[in-house]
Amino acid sequence: MTEYKPVKEGKVREVYDAGDSMIIVVTDRISAFDHILKNQITKKGAILTQMSKFWFDFTKDIVPNHMQSVDVQDMPEFFRQDRFNGNSMKCRKLNMLPIECIVRGYITGSGWESYQKDGTVCGIRLPEGLKESDRLPEPIYTPTTKADLGLHDEHITFEESADILEKIYPGKGKEYAEKIKDCTLALYKKCAEYAWSKGIIIADTKFEFGLDEEGNVVLGDEMLTPDSSRFWPLEGYEPGKSQPSFDKQFVRDWLKANPDSDYLLPEEVVAKTIDKYEEAYALLTGESR
């Protein structure tokens, strides 16, 4: 049996080169504030992988995606081990674009902090009188650079995103920038409407895109997971304050309140985090993990 080693390892995911495809493995690690925590969140990797699969299937009419299979029987023999079952995705190889495509449907987090200062979010002026967690009149597109591990992404304008892509793909930069912006907004609108019908508000999220061998834009990476999105329960939603969430905001809040934790969570925080991930998955897909 050929043994595989990751060709890329992030805070949470491992990427393997399987020749004509890539295998993306989502571990049970969890990160916050650019640190990998010392705890693992049991079943988290499988929940995130299967949630991405659900959304990739749901949105393939909008833009093609890189998913080929989540069945380890479709992968090289090395991946037919228990530790890869459920949390691994076989994907098409893409040339990933160095832009994180962020869309915000509600004003919260750093966007709310910015709005309080000068009425803008990432340079986009918003109506006066918005309250924390308010729904925006229209979702806004706020791209960032895609930084290397340990570095921070930086907010950029749409025009700057086009300039970045133009340097890599002369004559095509603006076209690609417009395409990924349009896809980002279309994906968000369709998925946010669906999630609302299932009792979840998608406050904001991020997508990543790449190019296939023919130069077509393809959706890659993960999609609409609690790690890449803010999920709020629709029940009890009330603008004017921060909202409870299904994502790792619970972990972030605990770490903020316990600055001397050395990134080690107590077991009750781990258990509650697992419950949140499982609840979000069940609400969205109608299945349990």
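Contact here means heavy atoms within 4.5 Å. The structure shown is a predicted model.

**View 1. Surroundings of D221 in the loop between β15 and β16.** Leaving aside neighbours within four places in sequence, D221 is in contact with R13, F56, H66, M96, K206 and E208. The loop that holds D221 runs between β15 (217–220) and β16 (229–233). D221 has a relative accessibility of 15% and therefore counts as buried, the cut-off being under 20%.

**View 2. Side-chain polar contacts of D221 with R13 and K206.** The side chains of D221 and R13 are joined by a polar contact of 2.9 Å. A second side-chain pair, D221 and K206, has a polar contact of 3.0 Å. Both partners, R13 and K206, are also on the list of residues in contact with D221.

**View 3. Helix α4 and the residue G199 that follows.** Helix α4 covers residues 173–197 and has 25 residues. At 1.5 Å a residue the helix should span 36 Å, and its end C-alpha atoms are 37 Å apart, so the two values agree. G199, which follows α4, has a positive phi, near 90 degrees.

**View 4. Packing of helix α5 against helix α6.** The axes of α5 (residues 249–257) and α6 (residues 267–285) come within 9 Å and cross at roughly 160 degrees. Angles over 145 degrees count as roughly antiparallel, so α5 is roughly antiparallel to α6. On the α5 side the contact is made by F250, V251 and W254, and on the α6 side by V269, K272 and T273. By class, this contact has 4 nonpolar residues, 1 polar and 1 charged.

Methods: Residues are numbered from 1 along each chain as its sequence is written. This is a predicted model: local features need pLDDT of at least 70, side-chain atom pairs count only at pLDDT 80 or more; totals for chains, interfaces and linings use all residues. Side-chain values use heavy atoms; hydrogens and water are left out. Helices (H or I, at least four residues) and strands (E, at least two) are DSSP runs, numbered from the N terminus. Buried means under 20% relative accessible area, exposed over 50%, partly exposed in between (1.4 Å probe, protein chains only). A polar contact is a pair of N or O atoms within 3.5 Å; within protein, one must be able to donate a hydrogen and the other to accept it, and residues adjacent in sequence count only if both atoms are side-chain atoms. The expected span of a helix is 1.5 Å times one less than its number of residues. Axes are lines fitted to C-alpha atoms, for helices over the stretch in contact, and angles run from 0 to 180 degrees between N-to-C directions. Angles under 35 degrees count as roughly parallel, over 145 as roughly antiparallel, 65 to 115 as roughly perpendicular and the rest as oblique. Ala, Val, Leu, Ile, Met, Phe, Trp, Tyr, Cys and Pro count as nonpolar, Asp, Glu, Lys and Arg as charged, and the others, Gly among them, as polar.
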